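This report describes selected features of one structure for a reader who is new to it. The sequence and the structure are shown first.

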Amino acid sequence: MWDWSENQIKIALIRHGATPANKEHRYLGSTDEDLSQEGREALLLAKASGTYPDVDVVFSSPMKRCISTGKLLYPGQIPIVISDWREMAFGDFERKNYQDLKDDPRYQTWIDSNGTLPFPNGESRAQFEKRCRQGFYEMLDQLSDTEPDITVGLLVHGGTIMSIMSHFCGGDYFDYQVPNGAGYLCELHCTPQQTTLKLLRKL
């Protein structure tokens, strides 16, 4: 088990840049959509303004929108892909927005559950959160031989950030919603008994 109680490992959790479906407020899960030109430009502008920390290693969801974000923000880094960090499977709601779903009784039932029910023919939040945690522990395994005092970049999805932060930092799942290109810088605390994240600042 990991014991980094003396090390200063920082974790930057960054949501991918905007895609065409994001702009239309559509559920974008299993569809492997790439960034829009507008999304790319916004990331580069944020990068130029110093939003993102320098990182020593990059981990990423396998989806195009995250890989492309990494190439823009950290062009010198080859990302280590964590399959479990792919976005939630939205099932029958995939690529639909409120206007498409407002008359679907299944959508109202899902809203009434505070998003805890499974998406029709998709994942439940509990299933999604479980695999996001599994991915986090997989990342820690890959960092087990690393040097102390490094910063690690995670190029992931909004839901992945919400899952990781609510579990390791505390608070509610929806407390950690962030727009495209935003995220959190945290300090990792690992002992054989517990793994936690300490929030340092928003990105």
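## Contact between helices α6 and α7

In this predicted model, helix α6 contributes Phe128, Glu129, Cys132, Arg133, Phe136 and Tyr137 to a contact with helix α7. On the α7 side, the residues met are Gly159, Thr160, Ser163, Ile164, Ser166, His167 and Phe168. By residue class, this contact comprises 6 nonpolar, 5 polar and 2 charged residues.

The packing of two helices is described by the angle between their axes together with the distance between those axes. Helix α6 covers residues 125-142 and helix α7 covers residues 158-168; the angle at which they pack is about 75 degrees, and their axes are 9 Å apart. Helix α6 is therefore roughly perpendicular to α7, since angles of 65 to 115 degrees count as such.

## The sheet and its edges

The model contains an open sheet of 6 strands with mixed pairing, arranged in the order β3-β2-β4-β1-β5-β6. Its edges are formed by β3 (80-81) and β6 (195-202); each has a single partner strand, so one side of each is left without a neighbour in the sheet.

At the β3 edge, strand β2 (residues 57-60) pairs with β3 in the parallel sense, over 2 bridges. Phe59 has Ile80 in β3 as its bridge partner. Helix α3 (residues 64-73) packs on the sheet and touches β1 (9-15), β2, β3 and β4 (151-156). The direction of α3 makes about 140 degrees with that of β4.

At the β6 edge, strand β5 (residues 183-190) and β6 run antiparallel and are joined by 7 bridges. The bridge partner of Glu187 in β6 is Lys198. These two strands, β5 and β6, form a hairpin, with 4 residues between them.

## The largest pocket

The volume of the largest pocket is about 750 Å³. Its lining consists of 28 residues, and those nearest the centre of the pocket are Arg15, Tyr27, Glu87, Phe90 and Gln177.

Helices α6 and α7, whose mutual contact is described above, each supply at least two residues of this lining, as do α1 (20-23) and α5 (105-112). The lining of the largest pocket divides into 13 nonpolar, 9 polar and 6 charged residues.

## The second largest pocket

The second largest pocket holds about 150 Å³ of space. It is lined by 13 residues, with Ala18, Glu38, Gly39, Ala42 and Asn180 lying nearest its centre.

Helix α2 (residues 37-48) provides the largest share of the lining of this pocket, namely 5 residues. In the lining of the second largest pocket, 5 residues are nonpolar, 6 are polar and 2 are charged.

Note on methods
Residues numbered from 1 in each chain as written. Predicted model: local features only at pLDDT ≥ 70, side-chain atom pairs only at ≥ 80, totals over all residues. Heavy atoms only, no water. Axes fitted to C-alpha atoms, helices over the stretch in contact; angles between N-to-C directions. Parallel < 35°, antiparallel > 145°, perpendicular 65-115°, else oblique. Contact = heavy atoms within 4.5 Å. Nonpolar A, V, L, I, M, F, W, Y, C, P; charged D, E, K, R; others polar. Pairing = 2+ DSSP bridges. 1 Å grid on protein atoms, 1.4 Å probe; cavity = no way out; pocket = protein on both sides within 12 Å on 5 of 7 lines; lining within 4 Å. Points joined across faces, edges and corners; volume = space filled by probe spheres on them.
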